[in-house]
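I opened the model today to follow one strand residue outwards into its sheet, and then to look at the surface. These entries keep the order in which I looked things up.

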Amino acid sequence: NSVIYADPPYFQTAKYNDIEFDYDKFYEWCLKQHEPLYISEYDMPKSDFICIAAKEKTCSLSATNNSHQSVERLFIPKTQVNNKPLTLF
């Protein structure tokens, strides 16, 4: 009776403290999960994941240029598409 929310370093963006993130290993891990899994990312491999929500956002991380637009998306593994939706209450 749990939900997994994953917010990995976004693919092809700046590294966090020079740490290498193994995306292939992460995707592999995602596909093994049995609990409902939601992944926040700009893009995921379309062969295994499906976008269920998207929101356009303005980047506000720069002190001088906050005009960059991006689309953040929420993905689930395709294997979980037919799962029964969760209710909180």
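**Entry 1: serine 40**

I am working on a predicted model, and I began with the contacts of serine 40, which, once residues up to four places away in sequence are set aside, touches Tyr5, Ala6, Asp7, Pro8, Tyr10, Glu72, Arg73 and Leu74. I placed serine 40 in strand E2, and I noted that it counts as buried because its relative accessibility is 7%, against a cut-off of under 20%. I then asked how many residues of E2 are buried. The count is 4 of the 5, so I describe E2 as largely enclosed by the rest of the structure.

**Entry 2: the chain as a whole**

Before going further I wrote down the overall plan, which is 1 helix and 4 strands, following the pattern β-α-β-β-β when read along the sequence. Of the 89 residues of the chain, 24% count as buried. I also looked at how contacts are spread along the sequence: among those with a separation of 6 or more, residues 24 or more positions apart account for 60%. The chain exposes about 7100 Å², and carbon and sulfur atoms supply 53% of that area.

**Entry 3: the sheet**

Which order do the strands take in the sheet? I read it as E1-E2-E4-E3, an open sheet of 4 strands with mixed pairing. Strand E1 (4–6) and E3 stand at the edges, and since each has a single partner strand, one side of each is left without a neighbour in the sheet. Direction ignored, neighbouring strands of this sheet are turned by 20° against each other on average.

I took the pairings of E2 one at a time, keeping in mind that strands of a sheet pair through backbone hydrogen bonds, either parallel or antiparallel. E1 and strand E2 (residues 37–41) run parallel and are joined by 3 bridges; within this pairing, isoleucine 4 has leucine 37 as its bridge partner in E2, and tyrosine 5 has tyrosine 38. E2 and E4 run antiparallel, again with 3 bridges between them, and here I found that isoleucine 39 has its bridge partner in E4, namely phenylalanine 75.

**Entry 4: the helix on the sheet**

Helix H1 (residues 23–31) packs on the sheet, where I found it touching E1, E2, E3 and strand E4 (69–77). I recorded an angle of about 155° between the direction of H1 and that of E2.

**Entry 5: alanine 53 in the edge strand**

I moved next to alanine 53, which is found in strand E3. Is alanine 53 buried, exposed or partly exposed? I entered it as partly exposed, because its relative accessibility is 35%. Leaving aside neighbours within four places in sequence, alanine 53 is in contact with Glu72, Arg73 and Leu74, and I recall that serine 40 also lists Glu72, Arg73 and Leu74 among its contacts. I checked one C-alpha separation as well: alanine 53 and phenylalanine 75 are 22 residues apart along the chain, and their C-alpha atoms are separated by 7.3 Å.

**Entry 6: a nonpolar patch**

Isoleucine 50 lies in strand E3 too, whose residues are 49–58, and I noted it as partly exposed because its relative accessibility is 33%. On the surface, Ile50 forms a nonpolar patch with Ile52 and Val81, and together these residues have about 220 Å² of accessible area.

**Entry 7: salt bridges**

How many salt bridges does the count come to? I arrived at 2. In one of them, lysine 32 is joined to glutamate 28, with the closest N and O atoms 3.9 Å apart, a value I set beside the limit of 4 Å. Lysine 32 is exposed, at a relative accessible area of 53%, while glutamate 28 counts as partly exposed at 48%.

Aspartate 43 and lysine 46 also meet through their side chains in a salt bridge, with 3.1 Å from N to O. I entered aspartate 43 as partly exposed, its relative accessible area being 40%, and lysine 46 as exposed, with 59%.

Methods. Residues are numbered from 1 along each chain as its sequence is written. This is a predicted model: local features need pLDDT of at least 70, side-chain atom pairs count only at pLDDT 80 or more; totals for chains, interfaces and linings use all residues. Side-chain values use heavy atoms; hydrogens and water are left out. Patches are made of residues with over 30% relative accessible area and no salt bridge: like charges are joined within 9 Å, nonpolar side chains (Val, Leu, Ile, Met, Phe, Trp, Tyr) within 5 Å. Accessible areas come from the Shrake-Rupley method with a 1.4 Å probe; for residues, only the protein chains shown count as cover. Helices (H or I, at least four residues) and strands (E, at least two) are DSSP runs, numbered from the N terminus. Buried means under 20% relative accessible area, exposed over 50%, partly exposed in between (1.4 Å probe, protein chains only). Contact means heavy atoms within 4.5 Å. Two strands pair if DSSP finds at least two bridges between them. Axes are lines fitted to C-alpha atoms, for helices over the stretch in contact, and angles run from 0 to 180 degrees between N-to-C directions.
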